[in-house]
Amino acid sequence: MSEIILPNAVSTTTQEAEIAAALRGRSIVLVGMMGAGKSTIGRRLSTRLGLPFLDADVEIEAAAGMSIPDIFESRGEADFRDGEARVIARLLDSGPAVIATGGGAVMRQETRDRIRDKAVSIWLKVDPDIIMRRVKRRSDRPLLQTADPEATVERLIREREPVYGQADVTVWSRDVPHEKIVDECLDALHGKLCGGHIEPSPTP
């Protein structure tokens, strides 16, 4: 009995190999709001593609020798953003990798330009209620140390989404198994880089 091949079917290993080849040395950069799952999805995506995973926030803390909340408190946000831009530039120059960025990183034009030139970007889009559920118990989010964190999140979304929307592809981050989001990222990347047919990521 002959093997039945479904139209447009791409095996997982073939899809991932084609994406890796189509990157041609570029990195994949995940952008989006805090709580979108950039680090969690990024680690899994890097494993699937056989690329190193780099977390810009971890690298910033290592370079500064202190936590991000301490940087904000002792040096201020402007100094943090300067260091963030330098670290992301270094990561992009270090070779192909999957890089998770902080929520405000791409608000700098110079960082957006570097990402456009040296990477393929994925916006992990997420609803405000999911953000609050994921981050409300955490104390390492300096921008949410306000009297009304929900209002702060909504303001940041309004300010940032037009910039996030410039990413090469968009995938909805929502409360489903992480591997499902990773699969959707791979489908979107394959469609963007390899011309593969993909279904749009579902809305929440």
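Is Ala-21 buried or exposed? In this predicted model, Ala-21 turns out to be exposed, its relative accessible area coming to 56%. The residue sits in helix α1, which covers residues 12-23. Sequence distance is a poor guide to its surroundings: Leu-193 is 172 residues away along the chain, yet the two C-alpha atoms are just 9.4 Å apart in space. Leu-193 itself belongs to helix α9, which runs over residues 178-194.

Stepping back to the whole chain, there are nine helices and five strands. Going along the sequence, they come in the order α-β-α-β-α-α-α-β-α-β-α-α-β-α. The chain has 204 residues, and 42% of them count as buried. Of the contacts with a separation of 6 or more, 75% are between residues 24 or more positions apart.

Helix α9 also meets helix α2, residues 38-49. The two axes come within 9 Å of each other and cross at roughly 60°. That angle falls short of the 65 to 115 degrees that would count as roughly perpendicular, and α2 and α9 are therefore oblique to each other. As for handedness, the crossing of α2 past α9 is right-handed. On the α2 side, the contact is made by Thr-40, Ile-41, Arg-44, Leu-45, Arg-48 and Leu-49. From α9 come His-178, Glu-179, Ile-181, Val-182, Asp-183, Cys-185, Leu-186 and Leu-189. Sorted by character, the residues of this contact are eight nonpolar, four charged and two polar. Several of them recur at short intervals along their helix, including Ile-41, Leu-45 and Leu-49 of α2. An α-helix has 3.6 residues a turn, so residues three or four places apart point the same way.

Another helix packing involves α7, residues 128-135. Ile-130, Ile-131, Met-132 and Val-135 are buried there, and the buried residues of α7 pack against α8, which spans 149-164.

Next come the aromatic side chains, which form two pairs in the structure. A pair of aromatic rings is described by the distance of the centres and the angle of the planes. For Phe-72 and Phe-80, the ring centres are 4.9 Å apart and the planes stand at 40°, so this pair is tilted. Both partners, Phe-72 and Phe-80, are buried. Trp-123 and Tyr-164 make up the other pair, with centres 5.8 Å apart and planes at 40°, so this one is tilted as well. Since Trp-123 lies in strand β4 (residues 119-125) and Tyr-164 in helix α8, the pair ties together parts that are 41 residues apart in sequence. Trp-123 is buried, with a relative accessible area of 7%, and Tyr-164 is buried too, with a value of 1%.

What does Phe-80 touch, leaving aside residues up to four places away in sequence? The list is Ile-60, Ile-68, Ile-71 and Phe-72. Phe-80 itself is found in helix α5, residues 77-93, and has a relative accessible area of 4%; with buried meaning under 20%, it therefore counts as buried. One of the residues it touches, Ile-68, is 12 residues away in sequence and 7.9 Å away in space, C-alpha to C-alpha.

Technical notes: Residues numbered from 1 in each chain as written. Predicted model: local features only at pLDDT ≥ 70, side-chain atom pairs only at ≥ 80, totals over all residues. Heavy atoms only, no water. Axes fitted to C-alpha atoms, helices over the stretch in contact; angles between N-to-C directions. Helix = DSSP H or I, 4+ residues; strand = E, 2+ residues; numbered from the N terminus. Parallel < 35°, antiparallel > 145°, perpendicular 65-115°, else oblique. Left-handed = near helix turned anticlockwise from the far one by under 90°. Contact = heavy atoms within 4.5 Å. Nonpolar A, V, L, I, M, F, W, Y, C, P; charged D, E, K, R; others polar. Buried < 20%, exposed > 50% of the residue type's maximum accessible area, 1.4 Å probe, protein only. Phe/Tyr/Trp six-rings, centres within 6.5 Å; stacked < 30°, edge-to-face > 60°.
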